[in-house]
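Subject: Structure for you to look at, with notes

Hello,

Here is the structure I promised to pass on to you. Please open it beside this message, so that you can follow the notes with the chain in view.

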Amino acid sequence: MAQIYDRFMQRSEEQCLRAWREALLRPLEGSVLEVGAGTGANLALYPATLERLVLTEPDGAMRRKLERRARELGRDVRVLDAPIERLPFEAASFDALVSTLVLCSVRRQDEALAEMKRVLKPGGRLVFIEHVAAEPGARRRAWQGRLEPFWRRIAGNCHLTRETAEAIGAAGFVLDSCTRESMRKALPFLRPSVRGVARKPSSANAAP
Ligand SMILES: C[S@@+](CC[C@H](N)C(=O)[O-])C[C@H]1O[C@@H](n2cnc3c(N)ncnc32)[C@H](O)[C@@H]1O
């Protein structure tokens with residue numbers, strides 16, 4: 001995966017992803033944690049003014065590329081080998097969390113989102129870009145279902161039929177913005193995508 005990832009994504013990055021990443025990351029402030037940072041596609045796009053930037057990536061080959069990119073960019077970041085499900089931080093440690101193209105691959109989205117919510121401060125933001133299931137009843141949705149068992153095996157447990165915006169809401173986040181749009185130049189079954197910002201409620205009105 002680490003060998004081919006950047007080349008595999010290149011045309012979508014040029015056509016849409018890079019602009020989406022930039023628009024979501026530019027307003028971030030304070031202390032930021034990115035989970036599943038991969039080869040570091042977001043790295044150059046974070047504001048230089050952040051107080052602290054921590055990146056997690058459990059895949060060794062991806063992590064080596066990430067560390068190399070951070071060095072090349074001269075970014076002062078901490079890179080950790082940690083799965084989303086067990087983040088080595090105290091509760092309420094971060095102002096913002098970033099998850100781009102990661103929640104398709106985790107074993108259970110509810111566990112991952114609960115752990116992300118734990119380390120986020122009340123009122124903190126989860127910034128996300130994820131490919132998701134096509135609309136119910138669409139032919140593309142049926143194809144996603146047929147292809148998913150094979151795709152998961154060859155693409156690091158990547159699921160094609162997840163309804164990730166709904167899962168973020170079900171985990172107790174408030175969706176401040178959510179845009180559904182085709183990820184242009186991706187393989188057709190990867191094109192349906194959501195992106196946006198979700199907020200952890202402040203403790204007064206927090207969901208469990
Ligand atoms: C498709 S890549 C996306 C990389 C990067 N976030 C991006 O936007 O290009 C998915 C990444 O999620 C990571 N990942 C998968 N399961 C994970 C988990 N349980 N915890 C943390 N990272 C995970 C993979 O190692 C991989 O680097």
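The notes below go through the sheet, then some loops and a surface patch, and then the salt bridges.

Please keep in mind throughout that this is a predicted model.

**The sheet**

A good place to begin is the open sheet, which has seven strands in the order β3-β2-β1-β4-β5-β7-β6, with mixed pairing. The strands β3 (78-80) and β6 stand at its edges, and each of them has a single partner strand, so one side of each is left without a neighbour in the sheet. From one strand to the next, the twist averages 15°. As background, the strands of a sheet pair through backbone hydrogen bonds, and they can do so either parallel or antiparallel.

Both kinds of pairing can be followed by looking at β5. On one hand, strand β4 (residues 94-100) and strand β5 (residues 120-131) run parallel and are joined by six bridges, and within this pair you will find Ala96 opposite Arg125 of β5. If you trace the chain from β4 to β5, you will pass through helix α3 (residues 109-119), and this β-α-β crossover is right-handed. On the other hand, β5 pairs with strand β7 (residues 192-199) in the antiparallel sense, over seven bridges. Two positions can help you to find this second pairing in the model: Val127 has Val197 in β7 as its bridge partner, while His131 stands opposite Ser193, also in β7.

**Loops and a surface patch**

Which residues that are not glycine have a positive phi? One of them is Leu101, with a phi of about 60°, and its place is in the loop between β4 and α3. With a relative accessible area of 14%, Leu101 falls under the 20% limit and is therefore counted as buried. Another is Lys185, whose phi is about 70° and which lies in the loop between β6 and β7. Lys185 has a relative accessibility of 45%, so it counts as partly exposed.

The loop between β6 (174-182) and β7 also holds Leu187, a residue that is partly exposed at 32% relative accessible area. Together with Ile4 and Phe8, Leu187 makes a nonpolar surface patch of about 250 Å².

In the loop between α1 (5-25) and β1 (31-35) you will find Gly30, which counts as buried because its relative accessibility is 11%. Gly30 and Leu50 are 20 residues apart in sequence, yet their C-alpha atoms are 5.2 Å apart in space.

**Salt bridges**

How many salt bridges does a search of the whole structure find? The search finds 14 of them, and I will describe a few that you can locate for yourself.

In one of these, Asp81 is paired with Arg63, and the closest N and O atoms are 3.6 Å apart. This pair links distant parts of the chain, since Asp81 is in the loop between β3 and β4 while Arg63 is in helix α2 (residues 60-73), 18 residues apart. Is each partner buried or exposed? Asp81, at a relative accessible area of 51%, is exposed, whereas Arg63, at 17% relative accessibility, counts as buried.

Another salt bridge lies within helix α3, where Arg118 and Glu115 are three residues apart, about one turn of the helix. The closest N and O atoms of Arg118 and Glu115 are 2.9 Å apart. Here too the partners fall into separate classes, for Arg118 counts as partly exposed at 30% relative accessibility, while Glu115 is buried with a relative accessible area of 11%. Elsewhere, salt bridges that share partners join Arg107, Arg108, Asp110 and Glu111 into one network. Within this group, the side chains of Glu111 and Arg107 meet in a salt bridge at 3.4 Å, N to O. Glu111 is partly exposed, with a relative accessible area of 30%, and Arg107 is exposed, with a relative accessible area of 59%.

With best wishes

Notes
Residues are numbered from 1 along each chain as its sequence is written. This is a predicted model: local features need pLDDT of at least 70, side-chain atom pairs count only at pLDDT 80 or more; totals for chains, interfaces and linings use all residues. Side-chain values use heavy atoms; hydrogens and water are left out. Two strands pair if DSSP finds at least two bridges between them. Helices (H or I, at least four residues) and strands (E, at least two) are DSSP runs, numbered from the N terminus. A crossover is right-handed if, with the strands pointing away from the viewer, the path from the first strand over the helix to the second runs clockwise. Patches are made of residues with over 30% relative accessible area and no salt bridge: like charges are joined within 9 Å, nonpolar side chains (Val, Leu, Ile, Met, Phe, Trp, Tyr) within 5 Å. Accessible areas come from the Shrake-Rupley method with a 1.4 Å probe; for residues, only the protein chains shown count as cover. A salt bridge is a side-chain nitrogen of Lys or Arg within 4 Å of a carboxyl oxygen of Asp or Glu. Buried means under 20% relative accessible area, exposed over 50%, partly exposed in between (1.4 Å probe, protein chains only). Axes are lines fitted to C-alpha atoms, for helices over the stretch in contact, and angles run from 0 to 180 degrees between N-to-C directions.
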